[in-house]
Amino acid sequence: MEIPIDFDRITRLFETALNEGRRFLYEYEVYQLLACSGAETPPQCRLLTRGTRYGDEELTAFPGTRSVLKIVSPAIVHKTEVGGVRVVEKEAGKIRSAVRRMFYEVPEDYAARIPDQDMPDQYRGLKGDALVTAVARDIKGVLLVQYMPPDSQAFGNELIVGLRHTREFGPVISAGLGGTDTELYAARFRKGQAIVAASTAMEDGPGFFQRFRQTISYRKLAGLTRGQRRIVTDEQIMECFESFVRIGNFYSRTNPDAPFIIDELEINPFAFTDYLMVPLDGLCRFSFPEKPPGTRPVSRIGHLLHPVSIGIVGVSATRKNFGRIILDNILAEGFDKHRVVVFKKGVKEIDGVRCLDGLADLEKDRIPKLDLLIVAVGASQVPDLVEEIIEKDAARSVMLIPGGMGETEDSRDRARQVVARIHEAHTREDGGPVFLGANCMGVISKPGQYDTWFIPEEKLPKVRGNPFHRSALISQSGAFMLHRTHQSPFLSPAYMISMGNQTDLTLGDMVAYFKDSDQVDVIAVYAEGFIDLDGLAFCRAVQEAVLAGKDVVFYKAGRTPEGKAATGSHTASLAGDYMVCESCVSRAGAIVARSFTEFQDLMLLAETLNRKQIRGNRLAAVSGAGFEAVGMADAIQSDDFSLELARCRESTWQAVAQVLERRGLSGLVTLSNPLDINPAADDHAHARICEILADDPNVDAVILSLDPMSPAMKTLDGSATPGFDMHRNDSIRQLIIDLNFRTRTPVVTVVDGGRLYDPLRDALMAEGVPVFQVCDQAVAALALYIQGRLRSDAIRSDAGWTDMKKEEA
């Protein structure tokens, strides 16, 4: 899409403002910026300054019968609330009168209406006449603007479009219902209906337009609601979005040649006159570019996760401190003690592991550089130790266990000192070591055969040597990972990595490593925050992982919208921190969880269904309990997901009827979806009906409740009654395990019962069959997983189409 954008003229606008001591543009300058950006209809305007005499022709030069007057002040953002916007008849006398009134009335209204907490810093503490005088002094003038009557005054016929430069994701574009009530619309409508947002680095104008089409705003503008008519073309909206995206990417920290950074650019609203997009108000703030963060030698993560040699600093010879517990767990996981060295002055060995006095002894004893060095000492010792590690080039990767490294105000100077030294080391030719942490629990690496968690075996018994899933769990909180895996032992990832404070290695780095790993098919991430621009790097890595066929499950903690107090614009309060994060990450292809439980459920499904075929969202549901059949039907729709009940083929229902007839159940069961097969249905009937449904090409997934309390089902462990024994070859346990191996259709089971049925759940989970305890939870999790997988398939399809077009070109 070719749009003529004059970046040189836009840059000169910023330079002019900067020369006047400003890092913002006045409204009339925003219109000039739009004129340089390819926008078709910026209104004609003239700045009227206090004390200047203007002739009648100058005041009435614009077309139309009315004129708009707007106060121009760096402090007054929401002008309407203080009488700073007025529409008058286009007569010279009336314009003069209105302008004179505004110079006096607006400061008085501002002083009377704006609460103390919303006052700009320069007005804080001022009251009465002193405040009015200060506000009046800052007024630059009144903007005389051409009045362009909108085609409609109806709700939804104004559009807000904004850019915001976020610390984590770089520039973000947002668009939706505009006008003075835009925040109200965003709060009252369901997610994604009033406003949408995206990273400009990962979305072009046409792509963002496709997301915008799902909003109420688009439906109103396109005349798709009752009583409405179209007032703008799709091409106009698309060009507007493309212009904003390109401007955002040019004036971005991600552009090394950017002369300035646009912190915020907002038009609220665009109105529409005879198929013209007319900006009615605008703001823009800008700043100087800063040096982008450096890169880490991500390839060295391989040494961190699969070390040949490990060193530990901080092991006690006499008590079970963190370092000693870490040593115990490393050895218990099966790591060869002859490839471990402990740094402990005056001690020869601990538990058969060789000890050295210090890092200097590595070179003396001709011990090769360590793959991994674990630091488990007090925080005060860390800066000097980091310096020594780097100076002596002692290790390829380092794990910083201690806290007190930036979490509190008192420890931030120490953290900054360490970060600066690590970044300096990364400028070396070899890139220096990579550091995990600080304030982390470290790593459990099943392929690497080691475990650095500092939880004693008595507190966290581990079943070592069991099979593990082809998954990686990356968590900024070690405690989150600890509690989730302890509560859900069926989640058995190959790797569990506690990121801590991200002093060096980041969430984006870790996903970038695993996207190319042949050890994992699933990447699950718990995030609390990203360092500068790492949110963007993370999303790019997620997208590449998805393109490589991997599932990515994501949960973001800290959902309170950020930025409302930091800026007076609508854009920041509409597209807050969590909304931007969720939008960018899901657009990259991650499956976003809304709760801890949902995160566990989605990780379970990703681990067990990653290699199953997802063709669509048509569900077949089976249960022997009527309430479950109804519950599953009720659960297929929500604000965040939807499934369809599959319309099975006639031949499918005939095959199901034959199974029911053989069991004498024909007169008790109505053939429908969901299918209530009656509590008298036995193991074979459950399994065979599930298989018939899974084989139907109109069915994309099956949820099967195993009815564990039914006397017809073999669902008990160690039962003396043969008809209840789940270990028989004809039990539902064995039949479903066999079916799961044969079918490519996802099959999810439900075992709704107490602890008596835990052995059945565990046996199914151990063989890769996903199990839930409640049917509606199973439906919700499966719906979100299928939705995510279909989005991933669309991303891969789009990428293939793009690659094909490139090859043709």
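## Exercises on strands, cores and a buried helix

In strand β12, Ile-310 and Ile-312 point one way while Gly-311 and Val-313 point the other, and all are buried (under 20% relative accessible area, against over 50% for exposed and in between for partly exposed, with a 1.4 Å probe and protein chains only). Helices (H or I, at least four residues) and strands (E, at least two) are DSSP runs, numbered from the N terminus. Keep in mind that this is a predicted model, where local features need pLDDT of at least 70 and side-chain atom pairs count only at pLDDT 80 or more, though totals for chains, interfaces and linings use all residues. Residues are numbered from 1 along each chain as its sequence is written, and side-chain values use heavy atoms, leaving out hydrogens and water.

**Exercise 1. Place β12 in its sheet.**

Step 1: Start with the general pattern: in a regular strand, side chains alternate between the two faces of the sheet.

Step 2: Find the partner. β12 and β13 pair in the parallel sense over four bridges (two strands pair if DSSP finds at least two bridges between them). Val-313 has Phe-343 of β13 as its bridge partner.

Step 3: Zoom out. The open sheet has seven strands, ordered β14-β15-β13-β12-β16-β17-β18, with mixed pairing. β14 (349-350) and β18 (434-437) are the edge strands with a single partner each, so one side of each has no neighbour in the sheet.

Step 4: Check one edge. β14 pairs with β15 (residues 353-356) in the antiparallel sense over two bridges, and Ile-350 sits opposite Val-353 in β15.

Step 5: Add the helix. α11 (residues 322-332) lies across β12, β13, β14, β15 and β16, running at about 175° to β13. That angle is taken between N-to-C directions on a scale from 0 to 180 degrees, using axes fitted to C-alpha atoms, for helices over the stretch in contact.

**Exercise 2. Work out the order of the four-stranded sheet and its edges.**

Step 1: The order is β2-β5-β3-β4, in an open sheet with antiparallel pairing.

Step 2: β2 (45-48) and β4 (85-89) each have a single partner strand, so each has one side without a neighbour in the sheet. From one strand to the next, the twist averages 25°.

Step 3: Look at one pair. β2 and β5 (residues 141-146) run antiparallel and are joined by four bridges; Arg-46 stands opposite Leu-144 in β5.

**Exercise 3. Find the largest nonpolar core and explore one of its residues.**

Step 1: A nonpolar core is a set of buried Ala, Val, Leu, Ile, Met, Phe, Trp, Tyr and Cys residues joined through side-chain atoms within 4.5 Å. The largest one here has 153 residues, and Ile-497 is one of those with the most contacts inside it. Helix α26 (residues 775-808) gives the largest share, ten residues.

Step 2: Leave aside neighbours within four places in sequence, and Ile-497 is in contact (heavy atoms within 4.5 Å) with residues including Leu-305, Leu-436, Ile-474, Met-510 and Phe-514.

Step 3: Don't miss the second, separate core: 52 residues, among them Leu-13, Val-245, Leu-265 and Phe-272.

**Exercise 4. Is helix α20 mostly enclosed or open?**

Step 1: Count. Twelve of the 14 residues of α20 are buried, so the helix is largely enclosed by the rest of the structure.

Step 2: Name some. The buried ones include Glu-598, Phe-599, Asp-601 and Leu-609.

**Exercise 5. Describe the surroundings of Asn-678.**

Step 1: Asn-678 is in the loop between β28 (675-676) and α23 (683-695), and is buried at 18% relative accessible area.

Step 2: A polar atom of the Asn-678 side chain lies 2.9 Å from the backbone nitrogen of Ala-680.

Terms used: A polar contact is a pair of N or O atoms within 3.5 Å; within protein, one must be able to donate a hydrogen and the other to accept it, and residues adjacent in sequence count only if both atoms are side-chain atoms.
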